[in-house]
Each structure stands twice: as structure tokens, then as C-alpha cells.
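Trainee: I would like a close look at a single part of this structure, the aromatic pairs and what surrounds them. Please take me through it step by step.

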Amino acid sequence: MVKTNPGRFFEDYSVGQVLPHAVPRTVTEGERGLYHALYPARHALYSSDEFARACGLQESPIDDLAAFHVVFGKTVPDISLNAVANLGYAEGRWLLPVYASDTLRSVSEVIGVKQNSNGKTGVVWVRTRGLNQLDEVVMEYVRWVMVRKANPDAPAPETVVPELKKVLEPSDLAIPEGLDFSNYDFGLAGEPHRWGDYEIGETIDHVDGVTVEEAEHMLATRLWQNTAKVHFDLTFRPDGRLIYGGHVISMARTLSFNGLANAQMIVGLNGGAHANPCFAGDTIKAWSEVLDKAETGVPGVGAIRLRLVATKGGEPFALKNEDGRYQPNVLLDLDYWALMPI
């Protein structure tokens with residue numbers, strides 16, 4: 001009996017499969033400390049218990065993206081161990097804050113499959129849910145991954161491409177119970193700019209840059225137990241270990257503090273693409289575009305839809321070429337909803 005896990009290949013997936021992922025993990029304050037050391041995150045709601053309590057929460061939650069990385073990492077051995085690339089995201093919703101001492105686990109359902117024309121790979125769509133110790137769903141998202149076939153002669157499955165929302169409606173967003181920005185302290189948060197100060201179509205150059213080092217990437221992927229071979233094993237990627245896409249997302253989000261310090265909580269992920277690979281030595285910079293705004297009906301709380309673009313050099317605000325392809329220096333194109341004081 002073979003006891004090791006070679007990971008699933010494209011022909012191993014079928015629509016309707018439910019994949020419960022190992023291993024549950026209790027999140028601690030150490031998670032926050034490591035996350036802030038790696039990026040370093042500065043949004044006040046995730047940095048200070050007192051600031052969070054003043055905004056109606058019981059204490060400072062774990063960063064939304066740190067919780068996402070925990071949930072995502074659990075799925076890798078079952079979904080993307082043999083992936084060529086993670087292609088995109090949709091319908092992501094943060095439904096409950098995650099606090100230190102919460103225990104998270106992940107479950108995914110296969111909702112689509114499509115073999116590529118080369119017959120060697122295929123795309124798999126999954127909907128993943130992260131649950132806490134009370135079996136409450138704290139977040140959910142769809143992602144699609146290009147996965148190798150173990151046997152190129154294996155018959156192609158019937159193509160099923162799921163219909164996904166291109167954009168979450170404001171009514172789809174979950175506002176944490178008790179959240180209230182009526183007495184929000186802009187001085188402590190770091191910037192005076194509130195929801196009403198941003199205009200749809202406005203672009204923001206976040207100015208700063210961070211050069212990615214091999215060591216921090218390896219620490220991050222191990223922290224979240226992301227075992228995808230392209231991140232560790234040079235025999236799978238001889239041109240260099242591919243930097244985990246979540247590392248790029250978190251770095252870009254942290255850089256966005258300069259200009260969006262009051263975009264406190266990420267509550268929705270409309271879409272995302274890892275446009276080009278990132279390797280150690282690349283310098284990540286970021287810019288944002290305001291795509292939409294909405295009121296939430298919660299005291300002092302507005303929703304702002306943002307495009308976050310991470311690049312490795314080049315001028316800000318350049319996204320795609322005339323042929324519609326991403327510029328070669330664009331690493332990430334992320335479309336998300338955040339909560340901001342009105």
C-alpha cells in the first residue's frame with residue numbers, strides 16, 4: 001500500500017467532489033506578529049485591541065489576508081500540489097472576523113473542470129470555505145487552477161465552466177456585528193482621508209517599494225503550510241522558485257496603506273489574476289484605482305471597491321497593452337471591497 005501523497009492530477013477531479021482538507025490549525029497572536037514582521041501591516045484595526053474595541057469589535061482580529069492564507073494553505077495538498085499556476089479568484093467573502101484562539105479548517109467543492117487543448121493540463125475550479133471551531137463559515141472564495149495530467153492519454157472529462165459573479169453586490173458583503181465607525185480616530189489610524197474623499201476613477205500611487213527576498217518567501221509559505229512544489233523544488237521550476245501569489249497580495253495590500261490607511265477591512269474579493277511570475281530579487285510596488293463606492297447602512301461605515309495592482313518596476317497606472325494582455329511588469333491585478341469610515 002502506497003502511503004505517501006503524490007497529490008491529485010487533473011484527471012482525478014470531477015464536478016461535485018467535496019474535499020475536506022487536513023490539518024485544522026489554531027491561530028494565535030504569533031500569527032499576527034509574524035504577519036506584521038513579514039509585510040509589515042499597519043492598518044489600525046488589525047494592530048490595536050483598543051482601536052478595534054473603539055470600533056465596536058471585541059478585540060483586534062487577525063488580518064483578513066492572514067486568515068485567508070491559513071485557509072488557502074490547507075487546500076494546497078488536495079488542489080494545487082501539481083499545479084502549473086493559480087489562475088484567478090472570484091466570489092470571495094469574509095463573513096466573520098477571525099480572532100486569536102480560533103481554530104480554522106478548510107473544505108472545498110469542485111465546481112468546474114476543463115481540459116486544455118494541449119491535452120497535458122486542465123483547469124479546475126473549486127469553491128473553498130474556511131470554518132472555525134463552531135463550524136461557522138468565516139470566509140469563502142472560488143479559485144481556478146491549471147493542473148498537470150499524470151496520464152496525457154486519460155480521457156478528457158465533460159467540460160463544466162461555472163458561472164461566477166464578476167462583481168459582488170454591496171448587499172453580498174457581510175459587515176461584522178457591532179462594527180461602528182462613528183467615533184473613528186483618524187489621527188491614530190494614520191491618515192485623514194475618509195470614504196467621501198475618494199472619487200470613482202481616482203488612481204493612487206502608493207509610492208513605496210519592497211524587494212522580495214528568498215528567505216521571507218520561504219518563511220511565509222512554510223508558515224501557511226503551502227506545499228506547492230513550484231514554491232520549493234527547483235526541479236519543478238529551474239528558472240527559480242516561484243514566489244507564492246499570496247505573498248505578493250499581502251505585500252501589495254501593505255504598501256497600499258500609504259494612501260488607503262482607512263480602507264480597514266477586506267470583506268469581498270471580486271476577482272484577481274496573478275498576471276506574471278514573481279521571483280526573489282523583484283521589487284514590488286503598488287497602485288490602486290477606485291472602482292466603486294457604496295453605503296452599507298451601518299453607522300459610519302462605507303464600502304469602497306478598489307483595484308490593487310502590484311508591479312515589479314515601471315510607471316504606475318499602466319496595466320495592459322493594446323492587445324489586452326497585461327504589461328510584463330504587472331504581477332497582480334486584484335479587485336476587492338473594503339470597509340472605510342464615512
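Mentor: In this predicted model, a search of the whole structure turns up 12 aromatic pairs. Take F72 and Y244 as the example. Their ring centres are 5.7 Å apart and their planes meet at 40°. Planes under 30 degrees apart would count as stacked and over 60 as edge-to-face, so this pair is tilted. In general, a pair of aromatic rings is described by the distance of the centres and the angle of the planes.

Next, consider where the two residues sit. F72 belongs to helix α3, while Y244 is in the loop between α5 (214-223) and α6 (245-255). The pair therefore ties together parts that are 172 residues apart in sequence. Both F72 and Y244 are buried. The pair also belongs to a cluster, in which ring pairs link F68, F72, Y89, W94, Y141 and Y244.

Now the helix that carries F72. Helix α3 covers residues 64-79, which is 16 residues. At 1.5 Å a residue it should span 22 Å, and its end C-alpha atoms are 22 Å apart, so expectation and model agree. Of its 16 residues, 15 are buried, so α3 is largely enclosed by the rest of the structure. An α-helix has 3.6 residues a turn, so residues three or four places apart point the same way.

The helix also matters for the count in the largest nonpolar core. That core has 57 residues, and W224, V248, I284, I304 and Y336 are the ones touching the most other members. Helix α3 supplies the largest share of this core, eight residues. Apart from it lies another core, of 22 residues, with F51, L168, A189 and W337 among them. In soluble globular proteins, nonpolar side chains tend to be buried together.

One of the core residues just named, I304, shows what such packing looks like in detail. Leaving aside residues up to four places away in sequence, I304 touches W195, Y198, V290, D292, K293, Y336, W337, A338 and M340. Two of these contacts also meet each other: the charged end of K293 sits over the ring of W195, 4.3 Å from its centre. A similar arrangement involves K320, which lies over the face of Y326 at 4.8 Å from the ring centre.

Finally, the cysteines. The number of disulfides is zero. C55 is buried, with a relative accessible area of 3%, and C278 counts as buried at 3% relative accessibility.

How values were computed. Residues are numbered from 1 along each chain as its sequence is written. This is a predicted model: local features need pLDDT of at least 70, side-chain atom pairs count only at pLDDT 80 or more; totals for chains, interfaces and linings use all residues. Side-chain values use heavy atoms; hydrogens and water are left out. Helices (H or I, at least four residues) and strands (E, at least two) are DSSP runs, numbered from the N terminus. The expected span of a helix is 1.5 Å times one less than its number of residues. Buried means under 20% relative accessible area, exposed over 50%, partly exposed in between (1.4 Å probe, protein chains only). A nonpolar core is a set of buried Ala, Val, Leu, Ile, Met, Phe, Trp, Tyr and Cys residues joined through side-chain atoms within 4.5 Å. Contact means heavy atoms within 4.5 Å. Rings of Phe, Tyr and Trp (its six-membered ring) pair if their centres lie within 6.5 Å; planes under 30 degrees apart count as stacked, over 60 as edge-to-face and the rest as tilted. A charge sits over a ring if NZ of Lys or CZ of Arg is within 6 Å of the ring centre and within 35 degrees of the ring normal. A disulfide is a pair of cysteine sulfur atoms within 2.5 Å.
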